[in-house]
Structures are given as structure tokens and as C-alpha cells.
Amino acid sequence: MKVIIVGAGNVGMASAEAASRNNDILMIDKDPVRAEAAKNTLPVSVLKEDGSNPKILKEAIERTNADVILSSVPDDAINLFICVAAKNIKPGIRTIACIRNPDYMTVEMKSVDLLVSPESITAEKIIKMATLENATTFDRLSIKGMCVVTFRIENGQKVIGKTVIDMDIPEGCTIVAIYRGEETILDVAATELRNNDRLCVMGTDEGIQKFNDAIGVKKDIREIVILGAGQSGIEIGKTLCSSPEKYFVKMIDDDLARCREASKALKEAIVVNGPIVDPLFLRSESVDRADVIISVSPMDERNLLACMTALRFGTRKIVSRYSMEEYEEIFKYAGIESVVGYHRVIVNEISRAAVIAIDDRSNGFIRMERPNDFLFGIDVKPGIPICGMMLGDIKVPEGVRLTAVIRDGKVFYPNLTTKFQEGDQVMVYTHMADPIKLSALLGNQIPEL
């Protein structure tokens, strides 16, 4: 597939990295430094021009015969304009606009096939990870309101020592995999749970909440402190303030102008102007008594320092975001496990967008937190080996698990007697799976892993 990406900033570069595995990419950016960086670090062609110029855009589309155009410049209005202009130049081209302001997500435009908002997705992930006490990761599937969450279990919780088959797993969810150290266990039923195991669970929002409660909640979350009053912080604050749970929300930022904007947007929250990395100031604001601390400042270094201060306070739930990919391991090394990587969000969304661009369907594709683990959906069609077969009769390759079935709009989790029917959509989890054996099982629908 031939793809044009306008904008070589953080979003554009992450998008190009995700899409360049299987596609021919042309990046357009008028900034010579960003254009040169893209040319030197990625297997893409680069055009040092203004991608919002209709003449430049027309020449690029016609020269490459592009199938997809993704606009990721910092201005949302320009992204929408580029998509409209591209559609006028080539009506059949698929258009994707990256949006930062969530207000633009309410706009319906025939010329824009897909709106992607990494900011909104990041905000939802952070909120879910903050309010689910035992959760360390959260991903929203684009299928039937399903999500995938990783839960950590610890000594003292009643599931320790039980096998999965003996657990009373709430309706609406299932354990997909168990992470134990560097090991990924997919044959979960007979596995006995140990301290520090992490359980990858798929389910509805309600099922996930019940699973979190079943593991054990030490104390209900009431007080939440948000460090950083930027766009992400405000969006998170709005959602928490409007929640029926009635959280007490305090927001702190050292930029006075951002604090003023936040206080206008968050009528039910307390907004404080002050340094987010000063332990004495934070203690004076009773941050050390918070149930959850969320750090979403624009700078990874400040988020890291703020989280390390929260660790010193003994805060039981700390959630942070980071922008630069290399900071993921730094946060985890420091003991901050619940982190949301902006880069990872973009990679997942662009990977999904690429599938939609190809065949107008969403397969719920997710690159899991582990580099060799993936979750995706396939359609059961005549001719693929699993069509008409029961799960117990299928020789499933090592590192593969068929985790859920969507049939007639309903989701259920297969057992050995489940027969896969034409029209089903099946969710598949893979860990270091052999692509040849996977193709033999599922046909040609598997994404490039």
C-alpha cells in the first residue's frame, strides 16, 4: 500500500515507523530539520515541502498514486483541510486525520474517513489504570466495547495459590494470558497463580471492573491528584469530576496561565499553581495523602521526578505518561509500572487505521506491552481451516490462543466444544508465533507480526 504522511513530528514519525513495515511511505514536512531526521532514521521517502499546499499535495498524490493519506501536523484544522483537499484530488483515497483537540472528534466530514485522537486515547487509558486498583495496563478494543487489561496479583490476595480453572471468574471477562517474569503463559487453565504474576484479561468494562474487585480492593479511591494542567490533564480532570464515583480532584501545575485555563474548565476541581517536583510543596498541599497521583506534564523528566516523589510518599497508585519511547524502561526501572506511552498509543492506532484503510473493517489489532505479543481479530470464512471445526479438534500452534468469538453481535469465550461458524469474528492472541503455521490455521487474514 502507498501511504503519504504529512508532518514529521512525534505523531508523524511514530506513524511512519508503524506503517513502514509493509507499505511504501512518502513523508512531507516543510521543516528541513524534521524532514532530514525522517530521511535518516526511517525507510521512507521524504519531500521537504508544505503538505497543506494543494499544488504540492496534488503532485505528491499523483506521483505516488497514494492509497492512503495521514495528516499529523500540529494544527487540527489544517489536518482536516489536507484530508478534504486530498479527497478532491483523488476521491478514492483513504484519509486519516490525527486530532489533538477532542472537540474536533465530534465533527463529521465526508472527506475524512478516520479521525484518530492519541490525546483522548491516552486520557482514557490513564483514567482506567488510575481507577482500577490492580490494573497496570489498559487497551480499548475497537470491537463491541471490549478492552484488554493487565492486572498484577500480590501476596495476601485470595487468588494466590489457585489455578485459573478453580477461580470464580466474573461473567463478561476471561484470562487470556499470564505473564510470569519474562515468560508468557497461554495455557492458563491449569496454571497456579503466584505472587507478582500479571494476568492479561479481556472483557467488557463491567466484567473488567468485577474482575478487579474479585482480586481484592484494599481501599476505595476517593482523592486523586493530577500533576500537569495541560490538555491531557484537563481532559482527565473533566472525566473524573463528572464521574458518578464523586472523586475529589486536585490539579497542580507550575505554569500560571495553564492553571487559569484549567480552573475555568474544571469548576469542581481544586487547581493550584506550584512546582510539581518539589516534595515540600507537594506535602504542604497534602499530596502525600492522595489515593492516586497522575503525572501528565509535557516533560518526561518532570513526570519521572514527580512519580519518584510519589513513591517516597508511599502513594499506592501512581500513573504517568511519557512521550519518548526510551523512557518506558526508565520508568519501570524506577518502580513506576502504570505508565502510558504516547508513542505506543500512536503505533497501535496507526496499525489499526492501516487495516481499516485496506478493507473497511476493524480487527481490533493491538501490539501488546511485550514486543512479540499481539492481539487481533479474523473473520471466519469458508476455506479457512477453523471454519466448521470445534476448538478441541483444532491443532492450535504453540504461542497461539483463540480467545473470544463475536457472533450475531454478542461476545463469548470459546471452550473445547465451541464450533467456529461462517460469519464469526475470532480474537487471536499470539506470542512469538510461527507466521507460516499461523497462516495455515487462519488463512491470509493475519497482520504482519
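Axes here are lines fitted to C-alpha atoms, for helices over the stretch in contact, and angles run from 0 to 180 degrees between N-to-C directions. Helices (H or I, at least four residues) and strands (E, at least two) are DSSP runs, numbered from the N terminus. The model is predicted, so local features need pLDDT of at least 70 and side-chain atom pairs count only at pLDDT 80 or more, while totals for chains, interfaces and linings use all residues. Residues are numbered from 1 along each chain as its sequence is written, and side-chain values use heavy atoms, with hydrogens and water left out.

**Exercise 1.** Describe how helix 5 packs against helix 7.

Solution. Step 1, geometry: the axes of helix 5 (residues 118-131) and helix 7 come within 9 Å and cross at roughly 50 degrees. Step 2, class: angles under 35 degrees count as roughly parallel, over 145 as roughly antiparallel, 65 to 115 as roughly perpendicular and the rest as oblique. Helix 5 and helix 7 are therefore oblique to each other. Step 3, handedness: the crossing of helix 5 past helix 7 is right-handed (the near helix is turned clockwise from the far one by less than a right angle; anticlockwise would be left-handed). Step 4, contact (heavy atoms within 4.5 Å): helix 5 contributes Glu119, Ser120, Ala123, Ile126, Ile127 and Thr131, and these meet Gln231, Ser232, Glu235, Ile236, Thr239 and Leu240 in helix 7. Step 5, composition: the residues of this contact divide into five nonpolar, five polar and two charged. In this scheme Ala, Val, Leu, Ile, Met, Phe, Trp, Tyr, Cys and Pro count as nonpolar, Asp, Glu, Lys and Arg as charged, and the others, Gly among them, as polar.

**Exercise 2.** Repeat the analysis for helix 3 and helix 4.

Solution. Step 1: helix 3 (residues 54-64) and helix 4 (residues 76-89) pack at about 55 degrees, with their axes 10 Å apart. Step 2: helix 3 and helix 4 are therefore oblique to each other. Step 3: helix 3 passes helix 4 in a right-handed crossing. Step 4: on helix 3, Pro54, Leu57, Lys58 and Ile61 meet Phe81, Ile82, Ala85, Ala86 and Ile89 of helix 4. Step 5: the contact residues comprise eight nonpolar, no polar and one charged.

**Exercise 3.** Which strand order does the open sheet of five strands have, and which helix lies across strand 7, strand 8, strand 9 and strand 11?

Solution. Step 1: the order is 7-8-11-9-10, with antiparallel pairing (two strands pair if DSSP finds at least two bridges between them). Step 2: strand 7 (135-140) and strand 10 (183-185) stand at the edges, each with a single partner strand, so one side of each has no neighbour in the sheet. Step 3: strand 7 is joined to strand 8 (residues 147-152) by five bridges, and Thr137 stands opposite Thr150 in strand 8. Step 4: helix 6 (residues 205-215) lies across these four strands, running at about 5 degrees to strand 8.

**Exercise 4.** Describe the open sheet of six strands and the helices lying across its strands.

Solution. Step 1: the order is 14-13-12-15-16-17, with parallel pairing. Step 2: strand 14 (270-273) and strand 17 (338-341) are the edge strands, each pairing on one side only. Step 3: strand 12 (residues 223-227) pairs with strand 15 (residues 292-295) over four bridges, and Val292 in strand 15 is the bridge partner of Ile224. Step 4: helix 7 (residues 231-241) lies across strand 12, strand 13 (248-253), strand 15 and strand 16 (317-322), at about 165 degrees to strand 12. Helix 8 (residues 256-265) lies across strand 13 and strand 14, at about 170 degrees to strand 14.
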